Protein chains: 2
Amino acid sequence: MPPSLPATPEPGVRSLQRAIDVLALFDERHPTRTVRDVVDGTGLPKTTAVRLLATLEGRGLVSRVAETTYSCGPALLRWVRLAEQMWQVSPAARAEMRGLVDRCGETVNVYVRQGLDRVCVAQEEGTATVRSVVPVGVPLPLGRGATAKVLLAGAPPGLLDELAGGDPGLDPAARAALVREVDAVRSGGWAVSHGERELGASAVAAPLAGADGRVLAALSVSGPTSRFTDERVPGYVEAVRAAAQAISRVGLGPVGAFL
Amino acid sequence: MPPSLPATPEPGVRSLQRAIDVLALFDERHPTRTVRDVVDGTGLPKTTAVRLLATLEGRGLVSRVAETTYSCGPALLRWVRLAEQMWQVSPAARAEMRGLVDRCGETVNVYVRQGLDRVCVAQEEGTATVRSVVPVGVPLPLGRGATAKVLLAGAPPGLLDELAGGDPGLDPAARAALVREVDAVRSGGWAVSHGERELGASAVAAPLAGADGRVLAALSVSGPTSRFTDERVPGYVEAVRAAAQAISRVGLGPVGAFL
């Protein structure tokens, strides 16, 4: 939630938040949801859940597939096509991402910052059986992980304070550590993390810059911590930085114009 | 709006409706919108528009690209694969659609009914310079056009009354005409329309049936009225019906299981 919104939103804003929470329950593992799922997944009263589903159904954002079961609706198609056009990376950038997968064997992602979140907008999966797979388009915390630090390094000065002062907030030691790490990214041009967001998950990330040098996005390789050893990380860093520079040179794609 | 919702929705529902109205302003011709556009396009007060945009931005559904300019946001990407998986037609059905384009030269669409709307979920564009192009995923009225009548022919008995009694409603003569036309589709298995939804646009449509014979969707060819002459329409009818039967046989795809 952006800091400009009050902690207890007014009823209209709250309903919208809740409706987005309802839509967020639908994913590839859960293409349909019952009213009961929605009540359990959101904590909303059943009457509220039913009312929100009816409103979303009336606009085609969900579709009723049985008496109390819903899927995502066909009206989403209008926005997903637009979002894809808007947020797709260029074919040249995509080729660099695949090249990085070939060099490292690990999953390659492009993340952008959205307020106090980060969102993966492009992914090329790694080749190993045990690989990192994040959901594209799902907001993740900006305070954790190598990618987050790269995005923070490119964010406006006040943002780190907003993040540190947020809910739940950071204690002074954690805040100081985060500032140090972001400073290190600014001077070094890369970040590494182990198990910050998820135990056993590691990543190496570097900035994707626009023509003016501004950080537009972050490029990462990520995988199981057991493969991100002290011996291997330097090679990953070199490969990620080289790919990030190549993508910055060829252009990230339409999305670059909007970041 | 489904008939179960009151005519004057409560504030929470109204906010959600308004937020969807705001999102609906973004399309391929308008990938970005200013606050001013949103005010003009929705009739909302500026404070309301700003508040809705802030809430949507906080969840990544819109993205601020300049001080008062927004695009659709990367969080929409989370539903891309889901909506596509859910609503895509099968490769075999898609091949039949392309075959129908080859035979008629006109744009071929698959529509599904959603409440009192119809929504195009798949489109193969015609080959002529002047061709019909409808936006995929955008709800269109269920009372007008050949496709609408095919979908109404397969809808539950009460739906025609709901539609006729809706806002703005149909006068008795128009209602009687619609009932006659829907009956004609039920007996004949196809519909033709000229300029009902848009002046100069014609279409021929036929039902896509499930294994149990139920109408799941409608297949149409559409184009400029000047090419849908009395000489040509019988050939279009034959081609659309043949393709619709072929698609009903090979299966519409995942979407068929949810209709």
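Colleague: Before we discuss the interface, what is a salt bridge here?
Modeller: A salt bridge is a side-chain nitrogen of Lys or Arg within 4 Å of a carboxyl oxygen of Asp or Glu. Please bear in mind that this is a predicted model.

Colleague: How many salt bridges does that rule find across the interface of chain B and chain A?
Modeller: The rule finds three across that interface. One of them joins the side chains of Asp21(A) and Arg59(B), with 2.6 Å from N to O.

Colleague: How many residue pairs are in polar contact between chain B and chain A?
Modeller: There are 12 such pairs, with both residues at pLDDT 80 or more. On the side of chain B that touches chain A, the elements giving two or more residues include helix H1 (11-24), helix H3 (46-58) and helix H4 (80-87) of chain B. H1(B) gives the most to that side, with 10 residues. By class, the side of chain B that touches chain A has 35 nonpolar, 13 polar and 10 charged residues.

Colleague: And what area is buried between the two chains?
Modeller: About 5,500 Å² is buried between chain B and chain A, and carbon and sulfur atoms give 67% of that area. Arg59(B), Arg78(B) and Trp79(B) supply 13% of the area that chain B buries against chain A, more than any other three residues. The contact takes 58 residues from chain B and 60 residues from chain A.

Colleague: Back to Arg59(B): is it buried, partly exposed or exposed?
Modeller: Arg59(B) counts as partly exposed because its relative accessibility is 22%. Its salt-bridge partner, Asp21(A), is partly exposed as well, with a relative accessible area of 31%.

Colleague: How many salt bridges are there over all chains?
Modeller: The count comes to 25 over all chains. The pair of Asp21(A) and Arg59(B) crosses between chains, from helix H1 (residues 11-24) of chain A to the loop between H3 and E2 of chain B.

Colleague: What does Glu124(B) form a salt bridge with?
Modeller: Glu124(B) pairs with Arg98(B), and the closest N and O atoms are 3.7 Å apart. This pair links distant parts of the chain, with Glu124(B) in strand E5 and Arg98(B) in helix H5 (residues 91-104) of chain B, 26 residues apart. Glu124(B) is buried, at a relative accessible area of 16%, whereas Arg98(B) counts as partly exposed at 41% relative accessibility.

Colleague: Changing topic, which residues of helix H2 of chain B are buried?
Modeller: The buried residues of H2(B), which spans residues 35-42, are Val35(B), Val38(B) and Val39(B). They cover an arc of only 100 degrees around the axis, so they lie on the same side of H2(B).

Colleague: What do they pack against, then?
Modeller: The buried residues of H2(B) pack against H1, strand E1 (32-34), H3 and E3 of chain B. The face of H2(B) turned away from its buried side carries the exposed residues Arg36(B) and Asp40(B). Just after H2(B), Gly43(B) takes a positive phi of about 75 degrees.

Colleague: One more residue, Gln123(A). Where is it found?
Modeller: Gln123(A) is found in strand E5 (residues 117-124) of chain A. Gln123(A) counts as buried because its relative accessibility is 12%, a value under the 20% cut-off.

Colleague: What does its side chain reach at 3.0 Å?
Modeller: The side chain of Gln123(A) reaches the backbone nitrogen of Val134(A) at that distance. Not counting residues up to four places away in sequence, Gln123(A) touches several residues, among them Arg94(A), Met97(A), Val134(A) and, in chain B, Arg81(B).

How values were computed
Residues numbered from 1 in each chain as written. Chains lettered and ligands numbered in written order. Predicted model: local features only at pLDDT ≥ 70, side-chain atom pairs only at ≥ 80, totals over all residues. Heavy atoms only, no water. Contact = heavy atoms within 4.5 Å. Buried area = accessible area lost by both parts, 1.4 Å probe. Polar contact = N/O pair within 3.5 Å; in protein donor to acceptor, adjacent residues only side chain to side chain. Helix = DSSP H or I, 4+ residues; strand = E, 2+ residues; numbered from the N terminus. Nonpolar A, V, L, I, M, F, W, Y, C, P; charged D, E, K, R; others polar. Buried < 20%, exposed > 50% of the residue type's maximum accessible area, 1.4 Å probe, protein only. Arc of directions from axis to C-beta.
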